[in-house]
Amino acid sequence: MKVLIVGSGYVGLTTGSALAYLGHEVTLLDKNEEKIMRLRDGEVPIYERGLSEVLDESKQNIQFISSWNDFDSNVDIVIIAVGTPNKGNGDVDLSYVETVAKSIGEKLDEKSNPIIVNKSTVPIGSARRVKSIIEDELKKRNILKEIDVASNPEFLREGEALFDTFYPDRIVIGTESERAKNSLLNLYQPILEQTFTPPRAVKRPEGFPLPSVITTSPTSAELIKYAANSFLAMKISFINEFAGLAELVGADITEVAKGIGLDKRIGSRFLNAGIGWGGSCFGKDTAAILHTASQYNYEMPLVEATVKTNYKQRELVIRKLQSELKVLRGATIGILGLAFKPNTDDLRDAPSLDIIRGLIELGANVKVFDPVAMENCKKQYPDINVIYTESVEELFEGCDGIVLVTEWEEFLHLPYQNLAERMKKKLIVDGRNVLDKELLKKSGIIYRGIGRG
Ligand code: UGA
């Protein structure tokens with residue numbers, strides 16, 4: 001099928017490259033000319049596992065444009081995947097989506113009638129809003145026609161976005177239009193039936209069951225996205241709340257999580273206690289759904305508590321350092337990992353930033369190391385006064401404490417015993433509960449996890 005994707009962020013770019021890989025004819029439109037030039041040159045502007053390989057393998061099926069003037073209205077599907085930032089009060093800024101809808105309305109003619117798909121995470125009612133903007137725009141040119149719109153939320157995790165695109169648990173299609181539903185079923189057929197040869201960089205897991213597809217109203221689809229993210233965020237805050245109690249009563253939360261996770265009704269994923277969630281989605285989406293609820297004078301105390309518990313976890317790390325080192329003024333603290341999670345260079349709402357700011361406020365000197373995200377940090381937060389180090393050895397040198405913030409694979413089996421020799425005080429706060437606490441203790445390291453007795 002001929003597909004136009006508007007927006008080349010994480011969602012647009014991964015969806016576009018996956019659809020091109022599956023054999024669709026994809027055009028990716030982004031108004032950021034520089035980004036489009038880089039993409040044309042074969043450069044991938046984000047760090048996403050397997051993306052450059054998949055883009056390279058599908059380059060004959062994908063083209064990049066930066067202007068609506070190059071838009072070929074003879075497409076089957078237009079996917080809107082532009083940003084929907086938070087306005088600051090929880091409300092979602094829909095202006096980018098609306099601008100795209102207007103441009104679509106300006107560009108379509110009598111003959112063209114693509115399906116319009118909202119993939120950006122958008123508030124309830126946005127499918128209807130997009131439809132009316134396009135139809136109103138067409139009316140200005142005396143073109144009277146009904147536009148078929150669908151809400152098709154994505155459930156991609158950053159870092160695993162291609163894996164989640166090729167091997168999803170489910171695909172949600174929210175639409176009132178039979179034509180839109182059939183078009184999207186067609187688009188996703190290779191994924192739904194798993195008929196494609198897996199890309200070398202994104203292998204199909206053994207025994208992968210065919211994904212489910214559910215068709216709903218646009219409103220249900222929009223709510224599914226918010227409910228899914230709120231639930232996942234709640235699961236993490238739930239285990240973090242119990243981690244606090246585990247510490248007081250002397251239990252180990254990793255054992256508790258294992259014990260409850262084996263109950264199939266609960267499930268073991270997203271039960272890793274630690275410094276909590278960050279990233280561009282959970283914080284924004286929980287704030288947005290609370291904002292929507294408030295417009296209906298409806299309270300959502302579970303979601304509110306989810307948010308509150310999460311941000312407390314970041315302070316907890318500082319309390320742990322204080323309880324061991326007593327005074328942080330003048331102490332040197334090393335931050336192992338900056339990205340909000342491994343396999344990405346994304347720093348949006350990253351716990352590392354709050355922890356660093358908190359430490360600096362208390363007068364500590366902060367050193368940092370991250371295998372991928374340091375360049376981003378330098379660029380985006382030039383005001384943050386930290387020492388960037390070139391290696392873990394340099395990071396540990398002279399530190400009074402180390403905080404493991406991001407559980408990069410390469411941090412899991414570092415020679416901690418040797419590294420600790422470089423420290424002034426052998427203190428490690430494991431913010432992700434991923435280190436072998438007994439082994440570290442045996443090597444004379446003071447180990448502090450989150451909720452580990
Ligand atoms: C999340 C959802 O997982 C995706 O399904 C969704 O599509 C996406 O948001 C989105 O709305 O676009 P993402 O933010 O990329 O994906 O990252 P996750 O893997 O969900 O991790 C989020 C945060 O939770 C990370 O900071 C991670 O470290 C933390 N986390 C995760 C925990 O603290 N404990 C866990 O057990 C799991």
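In this predicted model, a backbone N or O atom of Asn272 sits 2.9 Å from an oxygen atom of the ligand. Two further backbone contacts of this kind turn up: a polar backbone atom of Gly278 is 3.0 Å from a ligand oxygen, and a polar backbone atom of Phe155 is 3.1 Å from a ligand oxygen. As for burial, the ligand taken alone exposes 710 Å², and the protein buries 92% of that.

The shell around the ligand holds 21 residues, and those that come nearest are Leu156, Glu158, Lys225, Asn229 and Asn272. Asn272 thus shows up twice, once in that list and once through its backbone contact. Sorted by class, the shell has 10 nonpolar residues, 7 charged ones and 4 polar ones. Helix H9 (218-249) and helix H11 (282-295) are the elements that give two or more residues to this shell. Of the two, H9 gives the most, chipping in 4 residues.

H9 and H11 also pack against each other. Their axes run 9 Å apart at an angle of about 115°, and the crossing is left-handed. On the H9 side, the contact is made by Leu223, Lys225, Tyr226, Asn229, Ser230, Leu232, Ala233 and Ile236, while H11 brings in Phe282, Asp285, Thr286, Ala288 and Ile289. By class, this helix-helix contact has 8 nonpolar, 3 polar and 2 charged residues. Lys225 and Asn229 do double duty here: both belong to the H9 side of the contact with H11, and both are among the residues that come nearest to the ligand.

Conventions
Residues numbered from 1 in each chain as written. Predicted model: local features only at pLDDT ≥ 70, side-chain atom pairs only at ≥ 80, totals over all residues. Heavy atoms only, no water. Near = heavy atom within 4 Å. Polar contact = N/O pair within 3.5 Å; in protein donor to acceptor, adjacent residues only side chain to side chain. Areas by Shrake-Rupley, 256 points an atom, 1.4 Å probe, with all protein chains shown as cover. Nonpolar A, V, L, I, M, F, W, Y, C, P; charged D, E, K, R; others polar. Axes fitted to C-alpha atoms, helices over the stretch in contact; angles between N-to-C directions. Left-handed = near helix turned anticlockwise from the far one by under 90°. Contact = heavy atoms within 4.5 Å.
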